[in-house]
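Q: Please take a close look at the interior of this protein, beginning with one residue and its contacts. I should then like to see how the packed regions and the empty spaces are made up.

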Amino acid sequence: MWSHQREAFSTYKRMPSRDRSTIVDDVEENSALLQNSMDMETTNPSWLLSFPHVVVATITSLLFGYHLGVVNEPLESISIDLGFSGDSLAEGLVVSTCLGGAFIGSLFSGWVADGVGRRRAFQLCALPMIIGAATSATTKTLAGMLIGRFLVGTGMGLGPPVASLYVAEVSPASLRGTYGSFIQIATCLGLMGALVIGIPVKEIAGWWRVCFWVSTIPAGLLAFAMIFCVESPHWLYKKGRSAEAEAEFERLLGGSHVKYAMLELSKLDRGDEAEAVRLTELLFGRHFKVVYIGSTLFALQQLSGINAVFYFSSSVFKSAGVPSDVANALIGVANLSGSIVAMLLMDKLGRKPLLLWSFFGMTMAMVLQVAAANTFVSGSGSLYLSVGGMLMFVLTFALGAGPVPGLLLPEIFPNRIRAKAMAFCMSVHWVINFFVGLLFLRLLEQLGPQLLYTIFASFCMMAVVFVKRNVMETKGKSLQEIEIALLPPE
């Protein structure tokens with residue numbers, strides 16, 4: 001051992017003095033950065049710096065929730081005014097055209113976010129939402145309504161993946177879980193806002209047009225406020241604009257945290273960021289595992305039956321003698337309450353425990369639904385089990401299965417593929433969402449509620465096993481630490 005040390009010392013002595021001074025400078029610089037990184041472990045950036053940027057970004061989720069619920073109450077009035085009353089196909093198109101637009105928007109969201117940046121992508125998603133809402137509000141024909149709904153849908157598909165990317169990339173590691181929960185809370189508030197604004201639709205003629213006009217206000221606010229928000233430092237660094245990335249980190253984290261943040265980014269500088277990401281890279285090779293985890297999580301989220309439960313809840317409450325407005329309020333309160341609890345626990349318990357307990361709770365809620373559909377349960381007992389199971393399902397969904405996948409995926413995807421991998425996984429989400437909505441009522445008629453809810457419970461239990469085996473905990477870790485842990489060496 002001593003001979004090795006002597007050899008190294010003699011080699012150092014034989015170097016020119018200029019080279020020796022360079023080594024000393026490098027050692028001192030790395031020591032300073034190491035000391036700085038140790039300091040960062042004990043102090044966290046102020047939440048006040050990043051909070052306004054995250055709040056502006058979550059306006060997209062507010063709009064997403066609003067447009068999901070905006071036609072629920074007014075659909076009957078719309079069909080009468082536009083002359084397709086009683087045409088169930090036309091009514092279905094008014095709802096599903098929006099989903100088709102969302103699929104198209106999500107499919108291209110990664111290329112838009114990587115091409116023009118996160119801020120411009122937000123502004124681009126606001127544009128079709130404003131034009132589409134205005135078209136729907138002023139139309140006198142079914143065709144005009146469908147065009148407006150499709151345009152709004154493209155904005156709905158583009159916005160949520162970009163919001164998830166942006167929130168993950170601008171949030172301090174210590175607050176990323178809490179900020180990620182804002183997306184789900186904003187979606188809940190949007191849904192509840194649509195229900196509240198739609199209340200006068202049966203008393204005031206043409207009120208449904210006002211419902212569409214209202215949505216242009218937050219969309220316009222999003223496009224305007226994004227002018228003053230930071231660009232994602234991760235995107236800037238990926239584009240080779242390191243000085244701008246450093247300036248944005250200063251706005252987000254404060255001056256004392258900038259060098260450490262840039263050091264973390266530099267760990268992943270492999271010189272391949274300028275190359276275009278091909279679809280084959282997402283489906284094969286070293287990126288397959290994280291894309292598989294992400295797309296499977298979104299698939300299981302939809303196969304759990306959450307949208308079917310939302311769709312079927314009104315008839316369940318109606319059979320229990322609960323008015324539709326009260327039923328919608330109960331579902332909204334359960335959804336919002338679960339989302340708030342998730343926000344409080346996300347950076348304390350972590351993502352994985354919330355996912356596990358959420359999917360397990362959803363399984364138990366579906367078991368209650370199966371019991372309610374059993375012929376051996378009495379009439380009043382069946383109704384109590386059905387209503388209780390439905391509320392429990394929505395509550396436990398909002399605790400983890402709802403908010404966590406949208407937060408976890410941008411965390412586990414490497415910086416190079418993050419935007420396009422999110423686009424791919426969101427496309428999987430929309431495809432399965434569409435087919436669940438399309439087939440649910442037919443399967444309910446052919447299989448009956450007992451067997452159908454058993455299938456949903458099985459998917460929830462499969463999700464528990466999948467999360468236990470495949471999902472890593474990301475709480476408190478930087479995006480770079482997560483990438484290094486998950487990505488196999490080339």
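A: In this predicted model, Ser 61 touches Ile 183, Ala 186 and Thr 187, once its neighbours within four places in sequence are set aside. The residue belongs to helix H4, which spans residues 59-69. Ser 61 counts as buried because its relative accessible area is 2%, and the cut-off for that term is under 20%.

The packed regions come next. In soluble globular proteins, nonpolar side chains tend to be buried together. Here the largest nonpolar core comprises 107 residues. Within this core, the residues with the most contacts are Leu 222, Leu 297 and Phe 413. Helix H22, residues 418-470, contributes 19 residues, the largest share of this core. A second core, separate from the largest one, has 17 residues, including Val 70, Leu 146, Ala 194 and Phe 212.

Phe 413 merits a closer view. Apart from neighbours within four places in sequence, its contacts include Val 290, Val 291 and Gly 294. Phe 413 is also in contact with Arg 418, Ala 421, Met 422 and Cys 425, and helix H22 begins at residue 418.

The enclosed space can be described in similar detail. Rolling a probe the size of a water molecule over the atoms shows where empty space is left. A search of the whole structure yields one cavity of 30 Å³ or more. The volume of the largest cavity is about 40 Å³. Its lining consists of Ile 293, Leu 408, Ile 412, Asn 470, Val 471, Met 472 and Leu 486. Sorted by class, six of the lining residues are nonpolar and one is polar, with no charged residues.

An open space remains to be considered, namely the second largest pocket, with a volume of about 550 Å³. It is lined by 28 residues, and those lying nearest its centre are Pro 172, Ala 173, Ser 174, Tyr 260 and Ser 478. Several helices take part in this lining: H2 (17-42), H8 (142-170), H13 (242-253), H14 (258-266) and H23 (479-486) each provide at least two residues. Helix H14 gives the most, with four residues. By class, the lining of this pocket has 13 nonpolar, nine polar and six charged residues, while the lining of the largest cavity has no charged residues.

Conventions: Residues numbered from 1 in each chain as written. Predicted model: local features only at pLDDT ≥ 70, side-chain atom pairs only at ≥ 80, totals over all residues. Heavy atoms only, no water. Core = buried A, V, L, I, M, F, W, Y, C linked by side-chain atoms within 4.5 Å. Buried < 20%, exposed > 50% of the residue type's maximum accessible area, 1.4 Å probe, protein only. Contact = heavy atoms within 4.5 Å. 1 Å grid on protein atoms, 1.4 Å probe; cavity = no way out; pocket = protein on both sides within 12 Å on 5 of 7 lines; lining within 4 Å. Points joined across faces, edges and corners; volume = space filled by probe spheres on them. Nonpolar A, V, L, I, M, F, W, Y, C, P; charged D, E, K, R; others polar.
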